[in-house]
Amino acid sequence: MCDQTFVAATFGPCESCGKASPLMNIYIKTEAINYCSFCVEMMACKGLQEGETVASLKKESESLKKKLDEERGKLSDIELNQVAEKVEVLGPLCIKTRRVLKGHGNKVLCMDWCKDKRRLVSSSQDGKVIVWDAFTLNKEHAVSLPCTWVLTCAYAPSGCAVACGGLDNKCSVFPLSLDKNENLSAKKKSVAMHTNYVSGCTFTSSDMQLLTSSGDGTCALWDVESGQLLQSFHGHTADVLSLDLAPSETGNTFVSGGCDKKANVWDMRSGQNVQSFETHESDINCVNLNYYCQLNPFVSGLCCCMFTGAPQCRFYDLRADREVAIYQKDSIIFGASTVDFSLSGRLLFAGYNDYTINLWDTLKGTRVSVLFGHENRVSRVRVSPDGTALCSASWDNTLRVMSWSTMSNILFYTQRKGCCILRLFSL
Amino acid sequence: MARDMSDKEILKMELDQLKKEVSTARTPLAANCAQTVSMVEELFPNDPLIKGVSDEKNPYKGDKGGCTVT
């Protein structure tokens, strides 16, 4: 290391590295600093304040994290499943596949329900975005996008538009028209512009605002009409993989999960990161907010949210600011990539990479049932807005709509009586 | 954006965030869990995927006849 020659007035231990050497006496903001020339160089080129190094920042960060864990631990006096012991156990659930939506030419990456509870939009790796009528299996609209990986799609609350985005770094909005001859691609409007892929998008309570998450590590709120960036959310240190908005008219909180193994809760108005949860396990593939408080809104708004990553799904309570339940089983070795709650919040549907959907009892922490049917990993599960059906999108190019079934109840009981019985075909 | 930041900047960002979070208001778990449980119990009877819907109201009921064995 080539040392600069300078006139040294003092010689002694450097205040930064502690080694005895000629010291440079300099002043930073009227404070006298006596560092050896090496440390002065380091400080100058890294722009650090006095006494800071990457190592010291890390140490401070670690100690704060420990303190945070301690604070959270103080309130951990009971487990959710202990509180839920008195709750009745769920009876046998019969959820059967009612519709199989075929039409995509490649993996279906995302889907979203419309508020009218019968339409849904799905996007696929083949570049197509299709709007389906789940009751009649009719494909109402189909749009081809120039970029093939359409990672995310969302239905507008009014049902008049869909938004989609992906590897083109943009999120575009298409108004849906009833005219079959109209070319929807021509009416495409690019709303969001990110510097990396768009991993998730959702409309807020109106058609006018769009919230997006991106591989560039940020989330952003956009005005659909003008394409203007209204608010951007910085805080993730790696790609943001998913986001979910609090389901309420006045909701202004959302949660985002990313490759930095963190899930952050944000305040939409201020752009501040209000709470953050770290899992230490693996990337957070999907976050989901369930707003239990529709009947009794709390001042703070939400009470729980849910993340997945590895084979465990974790349940966090936002008010207590800690994890309250983990849904896992030794027999499950594949990661979960998507979750959604049932209408009451009692059931959690989680789609796994082993092609199944597991149903968990959120309160008791036990697995209730497994839904089979897909022939490749499940990329997205969503419960319809009225809670009557569950739609799952998969890499096997199909979507399945499932709902409650009565017929299999009879099958279940007669088998128990030991009767010899032909298999009833599924309705 | 996160990719363009140097390690030091990322650490600083995390540190600022942690400082904010250490002082957030928290409520004890027992109360929250009890509330969660009671909320879910309240909405539970109306959950169509758990309690089910009658065939008349079920928009997805099959159109095929099917047969029963007696």
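A nonpolar core, for this tour, is a set of buried Ala, Val, Leu, Ile, Met, Phe, Trp, Tyr and Cys residues joined through side-chain atoms within 4.5 Å. Keep in mind that you're looking at a predicted model.

**Stop one: the largest core.** Select Leu80(A) and Cys313(A). These two have the most contacts inside the largest nonpolar core, a set of 22 residues. Now colour the elements that give two or more residues to it: from chain A, β23 (313–317), β24 (322–327), β25 (336–341) and β26 (347–352), and from chain B, α2 (29–43). Which of them gives the most? That's α2(B), with four residues. As a rule, nonpolar side chains in soluble globular proteins tend to be buried together.

Zoom in on Leu80(A) and show its neighbours. Leaving out residues up to four places away in sequence, Leu80(A) touches Phe315(A), Val324(A), Ala325(A), Thr362(A) and Leu363(A), and from chain B it touches Cys33(B) and Val37(B).

**Stop two: another core.** Pick Leu90(A), Val383(A), Met402(A) and Leu49(B). They are among the 16 residues of a second, separate core.

**Stop three: the repeats.** Try selecting 101–133, 191–232, 233–276, 338–370 and 371–401 of chain A, which an unreviewed UniProt entry marks as "repeat: WD". Take 191–232 of chain A on its own: this stretch is 60% strand and 0% helix, and its end C-alpha atoms sit 14 Å apart. Then switch to 338–370 of chain A, where you'll find 58% strand, 0% helix and 15 Å between the end C-alpha atoms.

**Stop four: salt bridges.** There are seven over all chains. Start at Arg119(A), which is partly exposed at 23% relative accessible area. Its salt bridge with Asp116(A) has the closest N and O atoms 2.4 Å apart, and Asp116(A) is partly exposed too, at 33%. Arg119(A) also meets Glu140(A) in a salt bridge, 2.7 Å from N to O. Because Arg119(A) lies in strand β6 (residues 119–124) and Glu140(A) in strand β8 (residues 138–144), both of chain A, this pair ties together parts 21 residues apart in sequence. Glu140(A) counts as buried, with 17% relative accessibility.

Last pick: Asp361(A) and Arg346(A), another salt bridge, with 2.7 Å between the closest N and O atoms. Asp361(A) is in strand β27 (residues 357–361) of chain A and Arg346(A) is in the loop between β25 and β26 of chain A, so look for a link across 15 residues of sequence. Are these two buried or exposed? Asp361(A) is buried at 2% relative accessibility, and Arg346(A) is buried at 0%.

To finish, show Asp116(A), Arg119(A) and Glu140(A) together: salt bridges with shared partners join them into one network.

Notes:
Residues are numbered from 1 along each chain as its sequence is written. Chains are lettered from A and ligands numbered from 1 in the order in which they are written. This is a predicted model: local features need pLDDT of at least 70, side-chain atom pairs count only at pLDDT 80 or more; totals for chains, interfaces and linings use all residues. Side-chain values use heavy atoms; hydrogens and water are left out. Buried means under 20% relative accessible area, exposed over 50%, partly exposed in between (1.4 Å probe, protein chains only). Contact means heavy atoms within 4.5 Å. UniProt positions are given in the numbering used here, feature names are shortened, and annotations may be inferred rather than shown by experiment. A salt bridge is a side-chain nitrogen of Lys or Arg within 4 Å of a carboxyl oxygen of Asp or Glu.
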